[in-house]
Number of protein chains: 2
Amino acid sequence: MSKTVADVMSSDPIVVRPETPLKEAIRILAEKRISGLPVIDDAGKLVGIISETDLMWQETGVTPPAYIMFLDSVIYLQNPGAYERDLHKALGQTVGEVMSKNPVTISPDKSLKEAAKIIQEHKVHRLPVLDSTGKVIGILTRGDIIRAMAAE
Amino acid sequence: MSKTVADVMSSDPIVVRPETPLKEAIRILAEKRISGLPVIDDAGKLVGIISETDLMWQETGVTPPAYIMFLDSVIYLQNPGAYERDLHKALGQTVGEVMSKNPVTISPDKSLKEAAKIIQEHKVHRLPVLDSTGKVIGILTRGDIIRAMAAE
């Protein structure tokens, strides 16, 4: 029988809250050597994921988009919306300001193959695993799939 | 003084060869819990990187692109070139068949901020660090940058 998400996921992952200070999230990621954390609200509902990618902006800062002046107008040569989003991630002080919202999730009974497909299609590195009530019961990473491949 | 790549990178990373069997690369990634390996040729020159992303195709397989027949022609609705590339990654048996070629690299004297910018711009997860002769002397990952942030 082929493996399921439940066979391979890490159970009971460390989670953070939107109001968790960013420094605390960075410390957890660094100490546990993990690459992302599910973010849950007071009701235990998944509201986002905070990952290494979201935190890189804190190191890089952001460069305002290039623009040209034409008559009295400012014409941006890049999307100023993307700049504002990145600026938020660069200056944020709490998990809620920096996290990625609406993460792609999976249920524990799905096959590993399906999980790998979702990971590739959405270009993500981890999927929070939700039970039928919407509770986060695990996290499945690319590394978990590699280790399952190695064990075969 | 701000940190450089050399301060934070992992020195003397494990490397593999294009002719290394894929199973061996998967075993190394799984056992060492790392997400990518530089690939070097006989002369010690960097020729690629093999990462979790390249290996996911071995788990997912690939679906041929959708097409429609029109008169006597096959019209692909997706890029058949991308399909062929992914198929190669799904069926390959050696590192050379599956690796990503021409990886983005960095030199050890660059600042961590520059490294983080390159990582974000190119949407990669690690940069091989090359000395002035082109030899791979280290690897810098997103995780290394997070740990440097946590140590500040």
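**What packs around α2 and β2 in chain B**

The cover over the buried residues of helix α2(B) includes α7 (142-151) of chain A along with β2 (36-40), β3 (46-51), α3 (52-60) and α5 (95-98) of chain B; buried here is under 20% relative accessible area, exposed over 50% and partly exposed in between (1.4 Å probe, protein chains only), and contact is heavy atoms within 4.5 Å. The model is predicted, with local features needing pLDDT of at least 70 and side-chain atom pairs pLDDT 80 or more, while totals for chains, interfaces and linings use all residues. Side-chain values use heavy atoms, leaving out hydrogens and water, and residues are numbered from 1 along each chain.

Helix α2(B) spans residues 22-32, and its buried residues are L22(B), A25(B), I26(B), I28(B), L29(B) and A30(B). Helices (H or I, at least four residues) and strands (E, at least two) are DSSP runs, numbered from the N terminus. Right after α2(B) comes R33(B), with a positive phi near 50 degrees.

As for β2(B), five of its five residues are buried, so this strand is largely enclosed by the rest of the structure. G36(B), P38(B) and I40(B) point one way, L37(B) and V39(B) the other. That fits the usual picture: in a regular strand, side chains alternate between the two faces of the sheet. β2(B) pairs with β3(B) in the antiparallel sense over five bridges (pairing takes at least two DSSP bridges between the strands), and P38(B) has I49(B) as its bridge partner in β3(B). The two strands form a hairpin with five residues between them, and G44(B) in the turn has a positive phi of about 85 degrees.

Note on methods:
Chains are lettered from A and ligands numbered from 1 in the order in which they are written.
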